[in-house]
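This report covers the contacts between protein and DNA, and then the cysteines.

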There are 2 protein chains.
Amino acid sequence: MPAKNTGTEALLKETAKRIFLIEGRLHATTDDIAKEAGVPRTSVHYYFRSRDLLFKQVFNEAMMDLTVRLNQVVESDLPFREKIENFIDICLTQAFAFPYMETFMVTEMINHEFKLVDKESPVKIKGLLKEIKTEMAHGTIPQTNPMHFVINLFSLITYPSLAAPLYKQIFAINSASYLKLLKERKQVILKVLFT
Amino acid sequence: MPAKNTGTEALLKETAKRIFLIEGRLHATTDDIAKEAGVPRTSVHYYFRSRDLLFKQVFNEAMMDLTVRLNQVVESDLPFREKIENFIDICLTQAFAFPYMETFMVTEMINHEFKLVDKESPVKIKGLLKEIKTEMAHGTIPQTNPMHFVINLFSLITYPSLAAPLYKQIFAINSASYLKLLKERKQVILKVLFT
DNA sequence: ATTTATTTTGACATTTTTGTCAAATTGATT
DNA sequence: AATCAATTTGACAAAAATGTCAAAATAAAT
């Protein structure tokens, strides 16, 4: 019994990810995906059964990505500041490579009632929150609900990428200039978050 | 020649705005909109000619909203700190009321190549940037490219609302708890932005 | 070379979504 | 009440998107 495994399934999934997560074309159809992958549309059904199942798989893998990254930070035992720096690096790289990942995820959650993987909370966030609390007591970061620190962190990292088309017009600057701004984000975020 | 002006046109537009900007259902069809407005779908064509023109009108009015708000701040002559406080108030209220406005706008810009209204830059942002520079010299806010201050501001205001479905799952909290967090954002943002 | 299971592909069917048109309705005006 | 234009509505047409199926092609294994 031969197992051929041509790369078609992976190719289709990668093309879908490019279209949704990188280019942000949330209204793309199975036809768009198949055409740009250079395979007939029926292959989508052969490998994924239906449009929704392809979407759900892209969603789940994006979610896995996010979860793994988060947990890497939560579970590492670096000093707090380095831990956050590390986290910013990882997430900025991700946001840069897949600017519309969160947009896609939120949209799919709304439209198809997709749930995050696993029953349990995807991230063991409690330890991190406790650590943040300690840092606040030490005066390293401003005192508020620790969840705000996490929300601030994500906002400052993610939003500039997903809203790029807007800012480019508001500031009347081209892609290259905006890209330059994005590359400066790490230092900016650190300066903002730590007192 | 009688001009009746029943409220149907406005009703359709409001329904579309609710679905897109408030509920974030970016894949909604003209049928969804008409059904929820309680009118036959042909009314959409009677008043807006086509689906795209309805979408474009919602987009343009959302853009106008954003522009007007921004310019109010840019053109007011309050002291800097009050100006920013004022701006945060206005934008948080808006983000709270229409959490998916930016998401819709970015998506439409990507999918239909919508442009922002007017040829010129929608916001007279140069004055604001200069003012931010002055504040940085005074040491009121950390020193970086002034555009980062604006980007930080928008990120901290907008992202928490549009990513609500994600955070509710990550933190494993319900809508009420998350709402409480959102209401605390103004103070948090001010604390973060000003040294 | 034949067999076998996997993969690819095109033809077709179904469903969904959008758009068109003309008839019916409405309510103000003459 | 008759007129008239704006509005509403349903029937129909067209287009777009998804899904099904069986036949053809492929490549490994006997």
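## Phosphate contacts

In this predicted model, an N or O atom in the side chain of Thr6(A) lies 2.8 Å from a phosphate oxygen of DNA strand C. Tyr46(A) also places a side-chain N or O atom by the backbone of the strand, 3.0 Å from a phosphate oxygen. For Tyr47(A), the distance from a polar side-chain atom to a phosphate oxygen of DNA strand C is 2.6 Å.

Three elements each give two or more residues to the surface near DNA strand C: helix H3 (42–48) of chain A, and helix H2 (30–37) and helix H3 (42–48) of chain B. H3(A) supplies the largest share of this surface, with four residues.

## Surroundings of DNA strand C

There are 20 residues around DNA strand C, and those that come nearest are Thr8(A), Thr42(A), Tyr47(A), Lys4(B) and Arg51(B). Of the atoms of DNA strand C that come within 4 Å of the protein, 51% belong to sugar and phosphate.

By residue class, the surface near DNA strand C holds 10 polar residues, five nonpolar and five charged.

## Cysteines

A disulfide is a covalent bond between the sulfur atoms of two cysteines. With a cut-off of 2.5 Å between sulfur atoms, the count over all chains is zero disulfides.

Cys91(A) counts as buried because its relative accessibility is 7%, and the limit for buried is under 20%. Cys91(B), with a relative accessible area of 6%, is therefore buried as well.

Technical notes: Residues are numbered from 1 along each chain as its sequence is written. Chains are lettered from A and ligands numbered from 1 in the order in which they are written. This is a predicted model: local features need pLDDT of at least 70, side-chain atom pairs count only at pLDDT 80 or more; totals for chains, interfaces and linings use all residues. Side-chain values use heavy atoms; hydrogens and water are left out. A residue is near a molecule or strand if one of its heavy atoms lies within 4 Å of it. A polar contact is a pair of N or O atoms within 3.5 Å; within protein, one must be able to donate a hydrogen and the other to accept it, and residues adjacent in sequence count only if both atoms are side-chain atoms. Ala, Val, Leu, Ile, Met, Phe, Trp, Tyr, Cys and Pro count as nonpolar, Asp, Glu, Lys and Arg as charged, and the others, Gly among them, as polar. Buried means under 20% relative accessible area, exposed over 50%, partly exposed in between (1.4 Å probe, protein chains only).
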